[in-house]
Amino acid sequence: NMNKISVADLFVSEPDPSWFGNGPNEPDHPCWTNKNWLKSRFHFSFAEWHGGRNRFGCLRVVNDDLVQPSRGFGTHGHQDMEIITYILHGGLTHKDSMGSEETLGRGSVQFMTAGTGVMHSEYNLDPEQDLRFIQSWILPRTQGLTPRYGSFSADSNTRHARLNQWLHLVSDLEGTGKIQIHQDFNLFASEIEEGKSLEFELKPSRQAYVLCLEGTLMVNQMMLEKHEAVEILSTSEISSITFSGNAGEEQTHLLLYEMSS
């Protein structure tokens with residue numbers, strides 16, 4: 001009941017900088033870590049890629065974006081989607097047509113209920129530091145919702161709150177997550193130290209998508225490298241899944257998306 005999504009299964013997009021209002025690339029810039037302004041890994045069919053899976057439950061998009069200094073996504077629109085962004089490093093500056101504007105750093109989460117329609121921009125305004133974030137789109141249970149914006153801003157205690165334990169970031173409207181959305185959906189984050197492990201109980205008629213963000217991760221007996229994922233399908237009984245941290249240059253860091261099957 002586990003299906004691995006390897007690096008080779010992902011689509012790597014490095015679009016023309018002019019598509020989102022950026023100036024020419026600066027591949028020789030001493031602070032750039034990629035020759036193109038954006039390197040995005042798509043887990044599902046998106047933008048110019050039509051050859052992937054279209055969804056996993058209510059999970060429609062998972063994009064792993066690396067944005068170079070002083071570059072970003074100019075103003076563009078969304079509709080009828082719950083959009084969740086988890087920042088891994090750097091600072092993400094968001095501005096939208098609802099009047100929201102803020103910059104968030106590592107471990108923070110921002111969300112938008114696009115609903116009837118919203119315009120926004122996303123930028124890396126730092127002239128030296130690149131920006132990496134995971135953006136996920138969740139299909140809402142109802143269309144035509146009133147647009148809204150919100151965030152969870154990580155502080156010095158946030159890393160401790162996810163170290164070798166689950167930090168519940170996103171839940172349904174009546175849930176216990178830091179952020180609530182219009183869908184039966186949960187998002188958890190954790191960093192697991194080498195030699196430590198963490199359990200998760202997947203109930204019947206539930207399924208999970210697990211993304212290895214940094215380091216390497218053991219899911220039961222399956223090894224995931226950075227950027228890789230695994231689909232965990234539902235069974236007729238409660239499934240206990242073990243997540244273990246591994247040695248490496250980076251500590252194990254993961255996201256777990258849990259939803260109905």
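**Close-up views of the predicted model**

**View A. Ala47, in the loop between β3 and β4.** This model is predicted, not experimental. Most residues other than glycine have a negative phi. Ala47 is not a glycine, yet its phi is positive, at about 50°.

**View B. Asp80, in the loop between β5 and β6 (82-89).** Here too the backbone angle is the point of interest. Asp80 has a positive phi, near 50°, and is a residue other than glycine. Is Asp80 buried or exposed? Its relative accessibility is 18%, so Asp80 counts as buried. The cut-off that decides this is 20%, because buried means under that value.

**View C. The aromatic pair of Phe20 and Phe73, one of 15 aromatic pairs in the count.** The ring centres of Phe20 and Phe73 are 5.0 Å apart. Their planes make an angle of 80°, and the pair is edge-to-face. Which parts of the chain does the pair link? Phe20 comes from the loop between β2 (11-13) and β3 (38-42). Phe73 comes from strand β5 (residues 71-78). The two are 53 residues apart, and the pair links distant parts of the chain. Phe20 counts as partly exposed, because its relative accessibility is 26%. Phe73 is buried, because its relative accessible area is 9%.

**View D. The aromatic pair of Phe44 and Tyr209, a tilted one.** The centres of these two rings lie 5.5 Å apart. Why is the pair tilted? The planes of Phe44 and Tyr209 stand at 40°, so the pair is tilted. The limits here are 30 and 60 degrees, because planes under 30 degrees apart count as stacked and over 60 as edge-to-face. Phe44 sits in the loop between β3 and β4 (59-67). Tyr209 belongs to strand β17 (residues 206-214). With the two positions 165 residues apart, this pair links distant parts of the chain. Both Phe44 and Tyr209 are buried.

**View E. A cluster of aromatic rings.** Which residues make up the cluster? Ring pairs join Phe11, Phe42, Phe46, Trp49 and Trp137.

**View F. Trp166 and its contacts, in the loop between α1 (158-162) and β13 (167-172).** The contacts listed here leave aside neighbours within four places in sequence. Among them are the aromatic residues Phe188, Phe200 and Phe243. Trp166 is also in contact with Leu198, Leu254 and Leu256. Ala161, Ala189, Ser190 and Glu199 complete the set. How far is Ser18 from Trp166? The C-alpha atoms of Trp166 and Ser18 are 40 Å apart in space. In sequence the two are 148 residues apart.

**View G. The whole protein, for context: one helix and 22 strands.** The C-alpha atoms fill a box of roughly 55 × 45 × 40 Å along the principal axes. For 261 residues, a compact globule would have a radius of gyration near 18 Å, and the protein agrees because its value is 18 Å. Buried residues make up 53% of the 261. Of the contacts between residues at least 6 apart in sequence, 73% join residues at least 24 apart. The accessible surface is about 11300 Å², and carbon and sulfur atoms account for 47% of that. Side chains include 20 positive and 34 negative ones. The centres of these two sets lie 2 Å apart.

Conventions:
Residues numbered from 1 in each chain as written. Predicted model: local features only at pLDDT ≥ 70, side-chain atom pairs only at ≥ 80, totals over all residues. Heavy atoms only, no water. Helix = DSSP H or I, 4+ residues; strand = E, 2+ residues; numbered from the N terminus. Rg over C-alpha atoms; globule rule 2.2 N^0.38 Å. Buried < 20%, exposed > 50% of the residue type's maximum accessible area, 1.4 Å probe, protein only. Contact = heavy atoms within 4.5 Å. Areas by Shrake-Rupley, 256 points an atom, 1.4 Å probe, with all protein chains shown as cover. Lys, Arg positive; Asp, Glu negative; His and termini not counted. Charge placed at Lys NZ, Arg CZ, Asp CG, Glu CD. Phe/Tyr/Trp six-rings, centres within 6.5 Å; stacked < 30°, edge-to-face > 60°.
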